[in-house]
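This briefing walks through one protein model, moving from the chain as a whole to selected strands, helices and a single side chain. Please keep the sequence and the coordinates open while reading.

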Amino acid sequence: MSLLVVGLNHRTAPTSILEMAAVPDDDVPKVLYDLSQAGSVAESVVLSTCNRTEIYAEVETFHGGVADVSDQLTRITGTQLSDLAPHLYVHHEARAVGHLFSVVCGLDSMLVGETQILGQVRSALRAAQAEASVGAALEGLFQTALRVGKRAHSETAIGTAGASIVSVGVRMAADGWEPVPSSAPDPSPGNVPADGALAGRRVLLVGAGVVGALAAAVVRRAGAADLVVANRTAARARRIADTYGAKVIPLAQLADELDRADLVISSTGASGLILTRQLVADSLARRGSRPLVLLDLALPRDVDVAVRDLPGATLIDLDTLRTALDGQQAVGDVESVRTLVASEVSAYLDRRRAHRVAPTVVALRAQAAAVVREELARLQTRLPNLDSRDWAVVEGAVRRVADKLLHAPTVRVQQLAASPGGDSYAEALRELFDLPREAPAVVSAPDLPEAP
């Protein structure tokens with residue numbers, strides 16, 4: 001058995017594909033049932049959010065598992081595998097564990113450090129438990145992941161990382177202009193845009209997701225005079241507009257609004273470029289001497305990097321922000337969580353490998369005990385006149401010999417199990433001693449910590 005995750009997210013697929021891949025809560029039981037009927041899938045969990053759909057599975061074989069899970073995803077999306085495959089990622093064993101831990105900590109979210117994913121992962125596990133589609137392996141993995149996610153948010157300020165990145169981006173954009181005089185004080189040194197920093201400026205938001213809503217709050221606090229929201233889905237844009245007093249336009253009018261904007265903040269999550277070099281160049285030609293600042297907060301990027309070469313345009317993207325934030329708390333917390341995840345992945349894999357070798361050790365000792373019993377019974381029939389004291393000496397000697405012979409190989413195989421490829425040593429013992437492959441009940445479930 002091995003662990004596998006197959007999925008797609010905001011980094012690999014356009015919104016149209018993500019929408020088709022979304023699994024409503026009511027449909028999760030059927031998906032889990034269909035997976036249980038697949039030939040190679042023993043356990044499964046479906047994690048579906050607005051930015052990802054992933055299937056975690058404990059499978060008999062890697063290739064069979066990938067085929068079965070991918071086939072399920074094609075049925076969910078109603079597409080051909082050839083169309084869906086370019087958007088899929090596959091992680092196996094250690095990489096699958098690391099991926100889940102990163103997801104639950106918010107490292108893989110569009111807005112880094114967001115906490116909503118913790119609840120979504122917990123709900124996905126509960127749905128799988130309700131359908132009995134998880135066993136010891138996946139339940140232990142997800143409980144550990146939830147504990148790791150809680151550690152990340154309690155021991156670091158990762159939850160503020162996304163907000164810090166947006167705020168620093170807007171601050172950098174505002175620093176490119178002389179602020180319009182304002183009577184409001186500037187109580188926000190450092191990374192937070194000051195009140196009035198965007199006074200008199202017109203801001204265009206492209207994208208109305210979580211990042212767009214956060215950006216709207218930041219620019220309003222910074223005193224933006226006008227706020228316009230362009231989004232493919234009008235309902236989402238209207239929610240931001242109603243909250244922050246913005247105007248809503250369809251994406252089809254993006255070029256016209258670009259001419260009037262001073263600052264463009266883009267965070268669509270689309271798989272292709274939204275603001276191409278040509279689109280921005282045409283707008284600059286119509287703007288005269290008015291500069292344009294573009295803040296690209298999207299992954300993958302929304303704004304063509306070639307825009308940097310256009311006179312009058314300033315591009316601030318995530319690479320720029322990473323450089324600007326180097327050494328500051330937001331980046332420091334992200335790096336701290338990455339270190340925590342790496343440590344937790346290593347510890348989890350050590351426990352998993354040790355658990356896998358435990359049945360072999362138990363079986364070897366059980367076989368040795370059976371041999372000792374047989375030989376002692378044979379000796380007792382051949383030496384019927386031994387008194388109880390002498391028999392105890394003989395019995396003790398035979399047992400000590402067996403224990404000493406087994407001590408070194410069983411201790412060593414448990415030590416080696418913690419290293420990559422450790423399963424091969426257990427396999428060698430099973431072959432050499434012709435041990436049964438069924439795990440004894442006493443070691444059939446991994447001893448893993450649960451989320452508090």
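A polar contact is a pair of N or O atoms within 3.5 Å; within protein, one of the two must be able to donate a hydrogen and the other to accept it. The model is predicted, and the points below are grouped by topic, with the confidence of the prediction taken up early.

**Chain and confidence**

- The secondary structure of the protein chain comes to 16 helices and 10 strands, and buried residues account for 47% of its 452 residues.
- Of the contacts in the protein chain that link residues at least 6 apart in sequence, 72% are between residues at least 24 apart.
- Mean pLDDT for the protein chain is 83, with 85% of the residues at 70 or more, but over residues 439-452 the pLDDT is below 50, although this stretch has 30 contacts in the model beyond near neighbours in sequence.
- A further stretch, residues 178-192, keeps a pLDDT under 50 throughout and has 22 contacts beyond four places in sequence.
- Where pLDDT is low, the predicted coordinates should not be read in detail.

**Asp-317 and its polar contacts**

- Asp-317 sits in the loop that runs between β10 (313-316) and α13 (318-325).
- With a relative accessibility of 2%, Asp-317 counts as buried, because the cut-off for that term is under 20% relative accessible area.
- The side chain of Asp-317 makes a polar contact of 2.8 Å with the side chain of Thr-320, and another, of 3.0 Å, with the side chain of Arg-301.
- When neighbours within four places in sequence are set aside, the residues in contact with Asp-317 are Asp-296, Arg-301, Val-305 and Arg-308.

**Strands β1, β2, β3 and β4**

- In a regular strand the side chains alternate between the two faces of the sheet.
- Strand β1 (residues 2-9) has eight of its eight residues buried; on one side these are Ser-2, Leu-4, Val-6 and Leu-8, and on the other Leu-3, Val-5, Gly-7 and Asn-9, so that both faces are covered.
- Strand β3 is likewise largely enclosed by the rest of the structure, because eight of its eight residues are buried.
- The buried residues of β3 comprise Arg-52, Glu-54, Tyr-56 and Glu-58 on one side, with Thr-53, Ile-55, Ala-57 and Val-59 on the other.
- β1 and β3 run antiparallel and are joined by eight bridges; within this pairing Gly-7 stands opposite Glu-54, and the bridge partner of Val-5 in β3 is Tyr-56.
- β1 also runs antiparallel to strand β4 (residues 89-92), to which four bridges join it, and in β4 the bridge partner of Val-5 is His-91.
- β2 and β3 are antiparallel too, with eight bridges between them and a hairpin of two residues joining one to the other; Glu-43 has Glu-58 as its bridge partner in β3.

**Helix α6**

- Helix α6 (residues 116-130) has 15 residues, and the distance from its first C-alpha to its last is 21 Å, close to the 21 Å expected at 1.5 Å a residue.
- The buried residues in α6 are Ile-117, Leu-118, Val-121, Ala-124, Leu-125 and Ala-128. They lie on the same side of α6, because the arc they cover around the axis is only 130°.
- Elements covering these buried residues include α2 (28-36), β2 (41-49), β3 (52-59), α5 (94-105) and α7 (136-155).
- Gln-116, Arg-126 and Ala-130 are exposed, and they are carried on the face of α6 turned away from its buried side.
- Just after α6, Ala-132 adopts a positive phi of about 55°.

**Helix α10**

- In helix α10 (residues 234-244), the buried residues are Ala-237, Ile-240 and Ala-241. Their arc around the axis is only 100°, which puts them on the same side of α10.
- These buried residues of α10 pack against α9 (210-221), β6 (226-230) and β7 (247-249), whereas the face turned away from the buried side carries the exposed residues Arg-239, Asp-242 and Thr-243.
- Gly-245, which follows α10, has a positive phi, near 65°.

Technical notes. Residues numbered from 1 in each chain as written. Predicted model: local features only at pLDDT ≥ 70, side-chain atom pairs only at ≥ 80, totals over all residues. Heavy atoms only, no water. Buried < 20%, exposed > 50% of the residue type's maximum accessible area, 1.4 Å probe, protein only. Contact = heavy atoms within 4.5 Å. Expected span 1.5 Å × (residues − 1). Arc of directions from axis to C-beta. Pairing = 2+ DSSP bridges. pLDDT = per-residue confidence, 0-100.
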